[in-house]
Amino acid sequence: MKTLTRPVLVAAALATALAACTPAPQDDGPVTPPRQSLGAIRLVAYNGCDDLLAGLRAKAAENVGPWGFGGPQIMYMEDATAARAKTAETPDHSTTNTHEAGVDEPDLVKTDGDRVYTVSGGTLRIIDTATRKVTASLDLPGKDERGYAPADLLVSGERALILFQGGGGPAMKRGFAPPGETRYVLVDLAGQPKVLGTIKPEGTHVDARMVGSTVRFVTRSQPDITFPQTRDQLPEAERTRINQQVVRRAPLEAWLPKIEITDASGTVRKESVPCERVSHPADYSGTSLLTLHSLDLSQGLTAAGSSPIGLAADGDIVYGTGQSLYVASNPHWWFPIQPAIVEESAPTPSGQESAVAPATEPAPVEPTPTATPTATPTPSGPPPEETEVHRFDVSKPGAPAYVASGKVPGRLLNQYSLSEHDGHLRVATTVTSADGNTSVSGVHVLAADTLAEVGQVGGLGKGERIYSVRFIGPVGYVVTFRQVDPLYTLDLRDPAKPAVTGELKITGYSAYLHPSGDGKLIGIGQEASDKGRTLGTQVSLFDVRDPAAPRRLSQLFQKDSGSEAEWDPHAFLYWPKTGTAVIPLSSYGEGVQHSGAVVLRITDTEVSRVGMIEHPADRAGAYPPGIQRSMMIGDSIWTFSYAGAQVNDAATLDKRAWIPLGS
């Protein structure tokens with residue numbers, strides 16, 4: 001287990017993709033739409049490779065600037081969520097806390113009740129839940145150079161897919177991607193685990209979702225174009241002109257992502273996305289390409305679904321249901337910084353471009369999902385805050401089918417800002433003024449078949465931004481915050497007339513909302529003073545049975561503390577059978593730090609503290625390692641940190657076992 005530092009998860013480029021410019025398989029059927037208007041955005045198919053290259057060159061040239069794509073004047077920041085057949089002896093167990101039932105999400109640890117699967121230091125380990133011992137391990141490809149790269153898992157039956165996140169391609173060259181390669185490893189779990197194949201895409205991944213044994217991936221790549229260094233005294237207009245020339249000469253291969261697939265025998269094949277499967281919205285930048293892929297874990301790489309689909313658009317948030325996969329491009333927070341100083345390049349022969357490496361670009365404060373803006377900012381301020389949403393039909397085997405695209409004002413918080421229900425997509429966004437002084441939030445209702453807006457309700461939290469969203473059937477809950485926390489309840493039964501039905505104002509905020517049944521909501525976030533200063537972790541129980549009068553029944557507050565569950569729902573465990581909840585918790589103050597997981601009991605009326613679970617420190621005087629995940633297996637609570645797994649009695653919290661998982 002390694003420290004979780006990812007605003008997004010990856011996606012892979014897979015399997016039976018054909019070479020560029022070869023026709024798509026006849027039995028896959030059309031995957032790109034006819035030329036027609038669909039709501040606010042129109043998706044158009046390219047007419048072959050020549051049309052694709054001309055379009056990408058033209059649009060990229062329009063969006064290139066004196067410093068390349070994006071450049072040093074902008075810095076982007078993001079906010080920081082069919083198993084194995086169950087036998088009679090398999091203990092009852094929890095699973096990954098996911099947005100939609102039946103749609104699994106990659107996570108640091110997985111279980112089927114009989115076994116626990118986790119990856120640390122490039123090694124897959126399998127723990128038998130009955131004996132509480134590691135019964136098998138497997139060093140994964142790239143272990144020696146991978147070191148402590150984060151890894152997530154998806155498990156279906158006797159197959160596991162290990163998702164190593166990292167950078168690659170031009171994004172890596174320019175310093176915008178985290179270290180390490182994006183790589184996906186398919187493992188057979190039957191008996192002694194063994195590698196069945198590896199997929200290594202060019203670019204970075206966005207996220208993945210699994211329904212049954214079929215995984216859908218979304219990968220984002222940027223053009224592999226090297227811009228020449230120029231004299232820093234050169235006017236920006238001239239820099240831009242030179243860069244436009246470079247873009248207009250770039251070959252098609254600069255845009256089409258490469259895919260390297262290695263089978264169990266070590267045979268390597270390289271593929272790229274076919275031109276005929278790349279489409280584009282009517283308005284696009286030419287500086288990003290999304291690729292959607294399919295892989296049925298039960299069939300393996302040799303029988304992988306079908307050719308991937310390419311979309312000339314940006315995207316960094318994925319939301320999935322059993323029928324649909326949505327990819328949204330979120331506008332990025334920004335602030336200006338000083339341009340990088342570049343050195344004059346050596347002279348080159350007339351008519352040739354410099355072969356020197358591009359000027360160093362500034363690294364973002366935190367790893368960001370993309371280095372390319374969705375729109376070129378003007379000198380006076382950032383690009384307009386607009387979120388594009390693309391929907392794909394994943395209800396059938398094989399390649400996803402494009403359905404529609406739409407656009408709404410503002411930016412999303414995370415995937416929980418999106419929710420499909422009864423033929424409509426609900427989208428919650430916050431719009432902030434260019435000067436950052438004013439903001440307001442709202443919910444837009446779009447028709448799922450066209451993504452055209454059919455209704456909206458605005459005016460939520462003026463001067464505040466969204467901190468959490470939860471849609472439950474025809475009802476929505478939105479929390480905004482600046483100094484106090486208004487919890488809004490929304491009636492979404494009539495898509496054309498969504499309305500606010502109630503509001504609860506309290507101090508602090510909830511960063512994650514979880515349904516607890518019978519008209520109750522659990523909120524996890526921070527308590528705050530009446531001036532908006534955060535004070536420490538708080539867990540609230542809300543009664544929302546009366547939409548016009550939501551109220552808080554109980555609150556548990558831990559001064560000077562924080563929890564990973566505030567920004568990562570996978571870190572939250574709720575076990576309805578016993579009302580047990582577990583969240584990671586780190587407390588600080590007076591020079592002392594405590595890390596562990598707090599165990600709570602949640603009844604119909606109250607949140608109470610049961611106790612604290614801590615993992616042993618790896619050396620004398622060291623702090624206990626931070627707990628990242630927890631799960632319920634039988635009558636035990638299992639918790640996981642980078643150092644190992646611990647088993648505690650769910651009723652008494654007595655320690656039953658410690659399982660080291662070090663490298």
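Strands β27 and β28 (residues 475-481) run antiparallel and are held in register by seven bridges. Within this pair, Ser-468 sits opposite Val-479 of β28. All of this is read from a predicted model, and the pair belongs to an open sheet of four strands, ordered β27-β28-β29-β30 with antiparallel pairing. At the edges of that sheet lie β27 (465-472) and β30 (499-507), each of which pairs on one side only. On average, and ignoring direction, neighbouring strands here are turned by 15 degrees against each other.

Stepping back to the whole protein, the count is four helices and 43 strands. Of its 663 residues, 57% are buried. The accessible surface adds up to about 26000 Å², and carbon and sulfur atoms account for 51% of that area.

Another stretch of strands worth a look is the run β4, β5 and β6. Strand β4 (residues 115-120) pairs with β5 through six bridges, in the antiparallel sense. One of the matched positions puts Val-116 across from Ile-127 of β5. The two strands form a hairpin with two residues between them, and there Gly-121 takes a positive phi near 55 degrees.

On to β6 (residues 133-139): this strand also runs antiparallel to β5, again with six bridges. Ile-127 turns up once more, this time with Val-134 in β6 as its bridge partner. So what does the link between β5 and β6 look like? The two strands make a hairpin with four residues between them, and Arg-132 in the turn has a positive phi of about 55 degrees. As for its surroundings, β5 (residues 123-128) is largely enclosed by the rest of the structure, because five of its six residues are buried.

Among the helices, α4 (residues 236-249) can be checked against simple helix geometry. With 14 residues at 1.5 Å a residue, α4 should span 20 Å, and its end C-alpha atoms are indeed 20 Å apart, which agrees. Which residues of α4 are buried? They are Arg-239, Thr-240, Ile-242, Asn-243, Val-246 and Val-247. These residues cover an arc of only 165 degrees around the axis, so they lie on the same side of α4. Part of what covers the buried residues of α4 is α1 (49-63).

Definitions and conventions
Residues numbered from 1 in each chain as written. Predicted model: local features only at pLDDT ≥ 70, side-chain atom pairs only at ≥ 80, totals over all residues. Heavy atoms only, no water. Buried < 20%, exposed > 50% of the residue type's maximum accessible area, 1.4 Å probe, protein only. Areas by Shrake-Rupley, 256 points an atom, 1.4 Å probe, with all protein chains shown as cover. Pairing = 2+ DSSP bridges. Expected span 1.5 Å × (residues − 1). Arc of directions from axis to C-beta. Contact = heavy atoms within 4.5 Å. Axes fitted to C-alpha atoms, helices over the stretch in contact; angles between N-to-C directions.
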